[in-house]
Amino acid sequence: MAKKKKNKSKAKLKKHLKEEVLDFFTRHPTKSYNYKQVSSQLNIKNKHKRRLVMDTLAELERTDYLDEVRKGKYQIKLKTSILEGRIEFTAEGVGYLVSDEIEQEVFILGRNLNHALPGDRVRVRLYAQHRNRALEGEVIEIIKRAKTRFVGTVSRSKNFAFLVTASRSVPYDIFIPLKKLNDAKNGQKAIARITDWPEKVSNPFGEIVEILGDPGDNEVEMHAILAEFDLPYDFPDHVENAAAKIPDHIPKEEFESRRDFRDVRTFTIDPEDAKDFDDALSIRKVKSGLWEIGVHIADVTHYVKPNTILDQEAYERGTSVYLVDRVVPMLPEKLSNNVCSLRPDEDKLCFSAVFKIDDKANVHDQWFGKTIIRSDRRFNYQEAQEIIDQQREEFKEEMLKLNDLARKLRSERFKEGSIAFERVEVKFLLDEIGSPTGVYFKEHGESNELIEEFMLLANRKVAEYIGNVPREKKPKTFVYRIHDKPDKDKLETFAEFVQKFGYSINMKDNRTITRSINELLEKVEGRGEQNVIETLAIRSMAKAEYSTKNIGHYGLAFDYYTHFTSPIRRYPDMMVHRLLARYLDEGKSANQKKFEDMCEHASDMEKLAENAERASIKYKQVEFLKDRIGEDFDGIISGVLEWGIFVELNDSKCEGLVHIRDLDDDFYIYDERNYCIIGQNNGKKYQLGDPVRVKLIRADLEKKQIDFLMLEKK
């Protein structure tokens, strides 16, 4: 019995020692040690225990945890512990690795980031996972910096200066020697470039490369937002010069080689402030009960040839960027607003999708090719809506017929499982210097839906034409707009959440899910919980992106979908135009790897543009509220995280944070699954969708941050 107890104790000792040794090597992944060094580091002096250390090292080598790099010297195993990926940061500043090589999250503590910044491509050495801990690692190489230029405010002292960054993506201020300030003054906004980062120094060294100006100035702040996301705000001279050389006139041979639509009733419908009209609709009756509908898209690729200065610039930008007060175009104004824009009463070159459609909106025939058009009229959405509502005479027959067909296309699309996401769009009223004076909610009427349905039709039919081939044939390389199925866990959590409001989602299959979501979105319209439920429904969905690997578009319920209709403002549409033209001419399939890389770049640039747009909206929200500190507002809880509650104000849709530390009536615990925090003692619950009253206590323009104090839950 005593022997059995002794063996059990010995086994326990060995297990504990093994964990200690492994933990030690994990914390020193780049170094090798023999048993004496390990014993010394672990403060083991007992001769018997030191022999156990020797045995443990041999066992860890046999079980693939350690490598014997020299006789008797060991190091943590490298075989499967090096991963490549991208570094991202949590809101608390903890790094983690995003890698295709592993599904688990790999956390990287600050001391192990080794100067890696968010977005950097890195190699990470995994620490051995044991004792049920999360995977951890250490950055051992920075393969490629995501960026080296950063925006901030100059803080100058007598002997040195710093660029103080407000962005959470740069948790370090940049040290600037005075001789590298390049005339930047204390308090100015500027852009600094990191020039060096010595190994044992916590802050990077840099130099000022551009002075933006004084904080608070609208131009300075919008330029700072663009610079923060590495987006340009003007065109270099050589690009403008290349655009200036584009001829305004159309060569005679183009009239001869294209299908002529100039005698067909044609018009554009766009926002009131639009200048780049890249799509037009034509309509004519071809025989009883059959209509020819032309979706005419600006033929940008006729003017922007591959591998030219203009093409390289458009590719790098990827998309036009829409900030609160401006558009930063993908193409210079000569192209976007003049040569390519489908302005009325001007002959224009187009790439068109032409359909023969019956009165029930069934497509009987289709044709894709190069055309020449002449728009008869430029409508804004409001003007088109007035024709639909009041049946005014001008273009009445054409507009009403197009609207009738669009309604039927839309009805069929929803019947097939398309999801009706139509969130309220908030716009700011701005004065002459760009300061917000008010907000308004943009209406989405039938005139918007009319254009939307015919653009969707063209995009879908172009994608089907290339991708929908007989089973025995391989489709040619093409650019698709794809949207994956929702994450099952997120969807189940969402379904559980809406039950609290008395709604339900049928999870039987994809078709039933989309039908349920559409019914839900219809039911919540006009209710207090509408915005929260719509937001959560969107969050439960995957993000749409570009790819040559078609998986269909879940949100639209299309098996094939692309972006063909906006080449003035989206580079993927230019890619689609080139590929479609190539295949219409019986060309060979393009290189898939090349186009997949281009798709990835386009998706990345789209995300940056969206982030910049959100940042500009956030800045204007803070600016709009900065003079109202101390006022009380009604709002709704729009987000719940472990460090606080986000509240969206009812009257302006501005969003701010109630810090959990300011809820001083109890200790609150975060319940992630139920989107709420709950008081440990009083049981008070703050849940997503709850109406609340808050006081504005802080509006920080530099950090684009609004802080509220909770007054009451209604």
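Which glycine takes a positive phi in the hairpin of S22 and S23? Keep that one in mind while we get our bearings. What you have here is a predicted model, and its secondary structure comes to 17 helices and 33 strands. The C-alpha trace spans about 100 × 65 × 65 Å along the principal axes. Of the 714 residues in the protein, 48% are buried. Take the contacts between residues at least 6 apart in sequence, and 64% of them join residues at least 24 apart.

Back to the hairpin, then. The residue is glycine 434, with a phi near 90°, and the hairpin has five residues between its strands. The strands themselves, S22 (residues 425-430) and S23 (residues 436-442), pair in the antiparallel sense over six bridges. If you want a handle on the register, look at glutamate 425, which stands opposite lysine 442 in S23.

Now let's go to the N-terminal side of the chain and start with a helix. Threonine 56 is found in helix H3, which covers residues 47-62. Is this threonine 56 buried or exposed? With a relative accessibility of 4%, threonine 56 counts as buried, because the cut-off for that is under 20%. Setting aside neighbours within four places in sequence, threonine 56 touches Leu17, Lys18 and Val21.

A little further along come some strands. Strand S6 (residues 121-126) pairs with strand S3 (residues 82-89) in the antiparallel sense, over five bridges. Within that pairing, isoleucine 82 has arginine 125 of S6 as its bridge partner. S6 also pairs with strand S7 (residues 137-144), again antiparallel, over six bridges. There, valine 122 stands opposite isoleucine 142 in S7.

Next up is an open sheet of seven strands with mixed pairing, in the order S13-S20-S19-S16-S15-S14-S21. Its edge strands are S13 (259-260) and S21 (377-380), each of which pairs on one side only. Inside the sheet, S15 (residues 279-287) and S16 (residues 290-298) pair in the antiparallel sense over eight bridges, and aspartate 279 stands opposite isoleucine 297 in S16.

Two helices lie across strands of this sheet. Helix H16 lies across S16, S19 (347-358) and S20 (363-374), and runs at about 70° to S19. Helix H10 lies across S14 (266-270) and S21, and runs at about 90° to S21.

H10 is worth staying with, since it packs against other helices too. Its axis and that of helix H11 come within 9 Å, with H10 covering residues 381-390 and H11 residues 396-415, and the crossing is at roughly 90°. The two helices are therefore roughly perpendicular to each other. On the H10 side the contact uses Ala384, Ile387 and Ile388, and on the H11 side Lys396, Met399, Leu400 and Asn403. Sorted by class, that gives five nonpolar, one polar and one charged residues.

The other partner is helix H12 (residues 446-467), which packs with H10 at an angle of about 100°, the axes being 8 Å apart. That makes H10 roughly perpendicular to H12 as well. From H10 the contact takes in Tyr381, Ala384, Gln385 and Ile388, and from H12 it takes in Glu446, Ser447, Asn448, Leu450 and Ile451. The class count here is five nonpolar, three polar and one charged residues. Put the two lists of H10 residues side by side and you'll find Ala384 and Ile388 in the contact with H11 and again in the contact with H12.

Last stop: helix H8, residues 309-317. Which of its residues are buried? They are Leu310, Asp311, Glu313, Ala314 and Arg317. Looking down the axis of H8, you see these buried residues fall within an arc of 165°, so they line one face of the helix. What do they pack against? The list of partners has helices H5 (237-244), H9 (333-339), H16 (571-584) and H17 (592-625), along with strand S18 (326-328). H16 is a familiar name by now, as the helix that lies across S16, S19 and S20. Right after H8 comes glycine 318, whose phi is positive, near 80°. So the tour ends as it began, with a glycine of positive phi: glycine 434 in the hairpin, and glycine 318 following H8.

Definitions and conventions: Residues numbered from 1 in each chain as written. Predicted model: local features only at pLDDT ≥ 70, side-chain atom pairs only at ≥ 80, totals over all residues. Heavy atoms only, no water. Buried < 20%, exposed > 50% of the residue type's maximum accessible area, 1.4 Å probe, protein only. Helix = DSSP H or I, 4+ residues; strand = E, 2+ residues; numbered from the N terminus. Arc of directions from axis to C-beta. Contact = heavy atoms within 4.5 Å. Axes fitted to C-alpha atoms, helices over the stretch in contact; angles between N-to-C directions. Parallel < 35°, antiparallel > 145°, perpendicular 65-115°, else oblique. Nonpolar A, V, L, I, M, F, W, Y, C, P; charged D, E, K, R; others polar. Pairing = 2+ DSSP bridges.
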